[in-house]
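Trainee: Please take one part of this protein and go through it closely. I would like to look at the open sheet and at what packs around it.

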Amino acid sequence: MAQRQEQEPARTEVTEVAPNVLRMQLPIRMPGLGHVNMYALLDDQGAAVIDPGLPGPWTWQAIQDRLRQADLKPRDVHTVLVTHSHPDHFGGAARFVREHGARVVAHRSFRFGLAKSILENQPEISVDDLTAQQGDESEEVSADATADSHHHHGHGHGARNDVGLWWGGVSPWGGHEPRPPLRRRLVHAAMRLVGGGLKVPKVTHPVEQGDVITLAGREMFVLHTPGHTPDHFCLHDPEAGVFIAGDHVLPSITPHISGISTSADPLLSFFYSLDRVAELPGISQVLPAHGHPFSDLKGRAGAIKAHHHERLERIREISRDFGRPASVAEFSRQLFRPRSWGSMAESETYAHLEHLRHAGQAESHRDRHGLLLYLTG
Ligand SMILES: [Zn+2]
Ligand SMILES: [Zn+2]
């Protein structure tokens, strides 16, 4: 499978993608992703930036370089907007606050507080896309310490895409996860230490659905778009026909929808959020957090929704084939190939099964070991 655009390494050049809006690609190393787009929105006071990459000096160097190309310094950045609580989106925020007391805008439900899990195990893209990208066995998808499963899961040694969402505990659907290899545990312990010392900024300007912010000299509207995370928001710029999408709608991959969520039915939240943005009139430029700008917001939102509906249909087929209540792990092993088996695949499967249950299309009960079993209608 050819490399997806979201996987391309960060390019250094800065491009104007809408009036007073610059695309600046920052390097990240996460499974299936090669860069994150930081957008700089220029105005009389300097600039606001959206999604300033992962924490750390590597990112900060890239940020300084990209800003310099636009004749900006970090202290010119008066506002940092963070579309959602994933580390590749808020990483540089603390440094901007330190440099010049930048204000920090995020949805009011934003969860900076996840100190322990902030740097680890935050899946960004769906298991399907991860598997597709690894289909050619290219080892260019070099995992770093934030998701270091590559180094430890050789072929035939369990799930390569398993990012270990609840090690040592019990998942919401009753499954246990085996202890990860020692080296992986040590890396993550080290990451937690680093994470503990992270200067995490406070959200100074919490926003919610319908709020209006002036950016790039224009009024932009906040859309709360839960699904990929419960705190995700997008921006609509009606004057220029621009939609700033974060991870809500990506050009060629499907964002990961986790079953482990504060929402009872995260997939339904995601569907609502996709419908909401598909209705926006006059969009000519969609600016995603990963991959290149594109124009057909409605078409892409519809395609992502269709992918999930196919998945739901497939789950009903699998349940009919089982002909008995089956566990989340059993479903996920029918849905995914062996190298994708594990917590991430189960979490996505759980999100879909819970969606069916909330829609009255599946029933569930716990067996005597506490394992959730599902039967679809
Ligand atoms: Zn994300
Ligand atoms: Zn992302």
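Mentor: What follows covers the sheet, then the helices on it, then the nonpolar core and a helix pair.

The model is predicted, and everything below should be read with that in mind. For orientation, the protein has ten helices and 15 strands.

Seven of the strands make up an open sheet, and its pairing is mixed. Going across, the order is β1-β2-β3-β4-β5-β6-β7. At the edges are β1 (15-18) and β7 (205-207), each of which pairs on one side only. Between neighbouring strands the average turn is 30°, with direction ignored. In general, strands of a sheet pair through backbone hydrogen bonds, in either parallel or antiparallel fashion.

The edge at β1 can be followed down to residues. β1 and β2 (residues 21-30) run antiparallel and are joined by three bridges. One residue pair can be named here: Val-21 in β2 is the bridge partner of Ala-18.

Two helices can be placed against the sheet. Helix α1 (residues 57-69) lies across β2 and β3 (33-43), and it runs at about 160° to β2. Since an angle over 145 degrees counts as roughly antiparallel, α1 is roughly antiparallel to β2. Helix α3 (residues 93-100) also packs on the sheet, where it touches β5 (77-81) and β6 (103-107). The direction of α3 makes about 155° with that of β5.

Next comes the nonpolar interior. Of the 377 residues in the protein, 49% are buried. The largest nonpolar core holds 87 residues, and Tyr-39 and Phe-243 have the most contacts inside it. Strand β3 gives the most to this core, with seven residues. The core draws on both domain 1 (1-309) and domain 2 (310-376), taking at least three residues from each.

What surrounds Phe-243? Leaving aside neighbours within four places in sequence, Phe-243 is in contact with Cys-234, His-236, Val-277, Leu-280, Ile-283, Val-286, Leu-287 and Leu-297. As for contacts across the whole protein, among those with a separation of 6 or more, 69% join residues 24 or more positions apart.

Lastly, the helix pair. Helix α7 (residues 266-278) and helix α10 (residues 343-358) have axes that come within 7 Å and cross at roughly 85°. That crossing angle is why α7 counts as roughly perpendicular to α10. On the α7 side the residues that meet α10 are Pro-266, Leu-267 and Leu-268. Their counterparts in α10 are Ala-351, His-352, His-355 and His-358.

Definitions and conventions:
Residues are numbered from 1 along each chain as its sequence is written. Chains are lettered from A and ligands numbered from 1 in the order in which they are written. This is a predicted model: local features need pLDDT of at least 70, side-chain atom pairs count only at pLDDT 80 or more; totals for chains, interfaces and linings use all residues. Two strands pair if DSSP finds at least two bridges between them. Helices (H or I, at least four residues) and strands (E, at least two) are DSSP runs, numbered from the N terminus. Axes are lines fitted to C-alpha atoms, for helices over the stretch in contact, and angles run from 0 to 180 degrees between N-to-C directions. Two residues are in contact if their C-beta atoms, placed from the backbone, lie within 7 Å. A residue is buried if 20 or more other C-beta atoms lie within 10 Å of its own, exposed if 12 or fewer, and partly exposed in between; C-beta atoms are placed from the backbone. A nonpolar core is a set of buried Ala, Val, Leu, Ile, Met, Phe, Trp, Tyr and Cys residues joined through C-beta atoms within 7 Å. Domain bounds come from an automatic or database domain assignment. Angles under 35 degrees count as roughly parallel, over 145 as roughly antiparallel, 65 to 115 as roughly perpendicular and the rest as oblique.
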